[in-house]
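User: Please take a close look at the largest pocket and the salt bridges around it. What lines the pocket, and which charged side chains pair up?

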Amino acid sequence: MTLSTQTTPSGFLLPSIHSAPPFFTEQPNPTTQAIATDHWIRLILTYARHRKLFSLKVEDAETSGNDWDEILKNERINRKMLPSHLSNILNAMVKKNVAVYEPPKQTHSVVLYWRTPEEWAEALHEWASSTGQLNTIMTYYDITDPPINSELTNIPILLLKKAIAVLTRLGKAQVIGIAEGEGVRFFAGLGNK
């Protein structure tokens, strides 16, 4: 069997391992499974970044026509990820701190960290600076649904709050209670050039 890369309809280049039938099933050898899991984690995170997807659910392995079909299925070799296998991969992602269960206290849905909260904090502060939002009180909605799309558009509130917490520790943001709930004010900050 020849393993080959493939470009998906969204323009994502699938690695050659994606055309290996065993990649879609859990392996009995723990070492082999650990290697496959690491490949799956990289694939999920790079694909999520490519498509700007923030969440993944175990159910995405069962349903057709969702945003994850391009990587959770490979019709060329008649293989698809089973929900139990995806559940184990999500668990591994949470343990490696590249995802977090959301909502908490369940194990079927995660928010993906294809950027770390620290990287999101940097992007958030750069956005606030470049759009003239320093020293302005903004709601979370103002950030996640701005008039002009940005890389922060549709970022989950959970991830936004983590990024704001990083900026707060650096003296570059302050969380403020406002009529609509919580808001944030960004500052130039001590480390800003």
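Analyst: The pocket comes first below, followed by the salt bridges.

This is a predicted model. The largest pocket holds about 180 Å³ of space. Its lining is made up of Gln6, Thr8, Pro9, Leu14, His18, Asp69, Glu70, Lys73, Asn74, Glu75 and Arg76. By type, these residues divide into two nonpolar, four polar and five charged. Helix α2 (69–72) and strand β4 (73–74) each supply at least two residues of the lining.

Side chains of opposite charge can pair when their charged atoms come close. The model has six salt bridges. One of them joins two residues of the pocket lining, Lys73 and Asp69, with 2.9 Å from N to O. Lys73 counts as buried, because its relative accessibility of 14% is under the 20% cut-off.

Glu70, which also lines the pocket, belongs to a network of salt bridges with Arg51 and Asp67. Within this network, Arg51 forms a salt bridge with Asp67, and their closest N and O atoms are 3.3 Å apart. Arg51 lies in helix α1 (residues 30–51) and Asp67 in the loop between β3 (55–57) and α2, so the pair ties together parts that are 16 residues apart in sequence. Arg51 is partly exposed, at 28% relative accessible area, and Asp67 is also partly exposed, at 38%.

Note on methods: Residues are numbered from 1 along each chain as its sequence is written. This is a predicted model: local features need pLDDT of at least 70, side-chain atom pairs count only at pLDDT 80 or more; totals for chains, interfaces and linings use all residues. Side-chain values use heavy atoms; hydrogens and water are left out. On a 1 Å grid over the protein atoms alone, a cavity is a set of points where a 1.4 Å probe fits but cannot get out, and a pocket is an open set with protein on both sides within 12 Å along at least five of seven lines; lining residues have an atom within 4 Å of a point. Grid points are joined across faces, edges and corners, and a volume is the space filled by probe spheres set on the points. Helices (H or I, at least four residues) and strands (E, at least two) are DSSP runs, numbered from the N terminus. Ala, Val, Leu, Ile, Met, Phe, Trp, Tyr, Cys and Pro count as nonpolar, Asp, Glu, Lys and Arg as charged, and the others, Gly among them, as polar. A salt bridge is a side-chain nitrogen of Lys or Arg within 4 Å of a carboxyl oxygen of Asp or Glu. Buried means under 20% relative accessible area, exposed over 50%, partly exposed in between (1.4 Å probe, protein chains only).
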